[in-house]
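Biologist: Could you take me through one part of this model slowly, the aromatic rings and whatever surrounds them? I'm in my first year, so plain words please.

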Amino acid sequence: MKGNKIKILITVVSAVILLVIILLPKISLYFASESFTINKKETVFFIDKKSSLKELAEKLKAEKIIEDTDALIEIGDYKGLDENKIALGKYIIAPGTKIKDLLNGFTINSKGNGNAEVEVTITFNNCKGMYQLDQLSKKVSETILIDSASLSSYLNDPSTYSKYGFSREQFPAMFIPDSYKVFYDTDEKQFVEKMAKEFKKFWTPKRIEKLDEINLSSPSELYTLASMVYLEQSRLEKEWSDISKLYLNRMEINMPLQSDPTFVYCWGDELKGVTRLLYEHRDIDCSYNTYKIKGLPPGPICLVNSKVLKASLNPSDVNYLYMYGDGTRHYFSRNYSGHIRNTRK
């Protein structure tokens with residue numbers, strides 16, 4: 001009887017020891033996953049390339065977010081995380097984040113983003129001249145993972161702009177400068193799709209109808225007009241509607257638009273630093289030179305924001321045909337004699 005009790009006790013103790021041996025790694029993992037990051041303040045962390053758990057752990061340690069790389073790798077392995085399940089992106093890691101929550105945040109979800117991934121703000125403005133889309137590419141690539149050369153190549157690919165119904169010259173009209181929220185790992189296609197949606201959002205049925213009222217046939221024509229307005233006057237918003245109407249008045253009577261910024265566009269970067277424009281500059285043969293061609297140029301000469309577009313779409317009720325700028329403001333007139341008087345002032 002006593003021998004049986006000893007045998008039972010030995011069996012129970014053996015079972016407990018075996019259970020402890022089996023469960024110990026999981027218990028250890030549990031406590032490791034419940035441990036916290038060591039960063040003392042909110043930390044911005046980027047995953048900018050496909051990373052193994054080891055690479056991820058080493059980067060987190062280098063940026064003083066975790067201390068124990070082995071524990072993180074072990075927990076990640078248990079969760080089945082590998083480089084295909086770790087999402088590229090920007091993350092904001094709060095002080096004392098649990099390691100299990102940290103890894104869950106890096107895990108790709110059904111939308112292709114990390115569970116805790118945050119958006120970044122892209123802004124592009126002051127893009128002008130022949131290379132405005134290249135300038136846009138450079139500005140965008142400074143904020144998101146996209147490569148400037150890759151984006152520029154994609155934007156200049158005929159299959160890209162034709163997909164959205166634009167000619168090469170008109171395509172810049174789809175990009176309205178502003179601040180936009182996107183994910184850090186947004187690629188070329190996703191960026192352009194985002195801009196196409198913003199373009200459609202701006203061009204409401206009411207605004208499309210307004211084009212007919214001012215005798216323009218498409219949003220890209222209005223954008224082209226607005227780009228001329230903006231490069232003629234980038235400082236005083238109150239003049240935008242007046243300048244827009246002046247150009248529309250000239251178009252109505254088949255008068256050349258004679259916009260200095262259009263012939264400057266034709267020279268590319270050659271007039272950089274030139275402060276005085278001469279007749280020889282104006283004499284260039286170019287489809288954008290409105291001293292030599294009538295009507296609007298083939299496409300925008302710079303990227304313009306929604307304020308300029310709205311002002312140009314809603315021109316003032318004025319009969320101006322001439323303007324003279326003194327570098328700050330413009331003096332408008334209906335006839336050439338009035339224009340001469342303004343220049344003499």
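Modeller: Let's start with the rings, keeping in mind that this is a predicted model. There are 15 aromatic pairs in the structure. A pair of rings like this is described by how far apart the centres are and by the angle of the planes. Take Phe175 and Phe191: their ring centres are 6.3 Å apart and their planes sit at 20 degrees, and since planes under 30 degrees apart count as stacked, this pair is stacked. Now look at where the two partners come from. Phe175 belongs to the loop between helix 7 (158–163) and strand 4 (179–183), while Phe191 belongs to helix 8, so the pair ties together parts that are 16 residues apart in sequence.

Are these two rings buried or exposed? Phe175 has 0% relative accessibility, so it counts as buried. Phe191 also comes out at 0%, so it is buried too. The pair isn't on its own, either: ring pairs link Phe124, Tyr161, Phe166, Phe171, Phe175, Tyr180, Phe191 and Phe199 into a cluster.

Zoom out a little and you reach the nonpolar core. In soluble globular proteins, nonpolar side chains tend to be buried together. Here the largest nonpolar core has 60 residues, and the ones touching the most other members are Leu136, Phe175 and Phe191. If you leave out residues up to four places away in sequence, Phe175 touches Phe124, Leu133, Leu136, Leu155, Phe191, Met195, Tyr223, Leu303 and Val304. There is also a second, separate core of 19 residues, with Ala57, Ile66, Leu81 and Leu102 among them.

One of those contacts of Phe175, Tyr223, takes us into helix 10, where Tyr223 is one of the buried residues. Helix 10 covers residues 219–232, and at 1.5 Å a residue its 14 residues should span 20 Å; the end C-alpha atoms are 20 Å apart, so that agrees. Of those 14 residues, 10 are buried, so helix 10 is largely enclosed by the rest of the structure. Besides Tyr223, the buried ones include Leu222, Leu225, Met228 and Val229. And what do they pack against? The buried residues of helix 10 meet helix 8 (188–202), helix 9 (205–213), helix 11 (240–252), helix 12 (260–266) and helix 14 (306–313).

Rings can have charged company as well. The charged end of Arg207 sits over the ring of Phe202, 4.2 Å from its centre. Over the ring of Tyr322 you'll find the charged end of Arg250, 5.9 Å from the centre.

Let's finish with the cysteines, starting from helix 12, one of the helices that helix 10 packs against. A disulfide is a covalent bond between the sulfur atoms of two cysteines. This structure holds one, joining Cys266 to Cys286 with the sulfurs 2.2 Å apart. Cys266 is in helix 12 and Cys286 in the loop between helix 13 (279–282) and helix 14, so the bond links distant parts of the chain, 20 residues apart. The torsion about the S-S bond is about -80 degrees, so this disulfide is left-handed. Cys266 is buried, with a relative accessible area of 8%.

Why don't Cys127 and Cys302 form a bond? Cys302 holds the closest cysteine sulfur to that of Cys127, but at 9.2 Å it is too far for a bond. Both are tucked away: Cys127 is buried at 1% relative accessible area, and Cys302 counts as buried at 2%.

Key:
Residues numbered from 1 in each chain as written. Predicted model: local features only at pLDDT ≥ 70, side-chain atom pairs only at ≥ 80, totals over all residues. Heavy atoms only, no water. Core = buried A, V, L, I, M, F, W, Y, C linked by side-chain atoms within 4.5 Å. Buried < 20%, exposed > 50% of the residue type's maximum accessible area, 1.4 Å probe, protein only. Contact = heavy atoms within 4.5 Å. Helix = DSSP H or I, 4+ residues; strand = E, 2+ residues; numbered from the N terminus. Expected span 1.5 Å × (residues − 1). Phe/Tyr/Trp six-rings, centres within 6.5 Å; stacked < 30°, edge-to-face > 60°. Lys NZ or Arg CZ within 6 Å of the ring centre and 35° of its normal. Disulfide = S-S within 2.5 Å.
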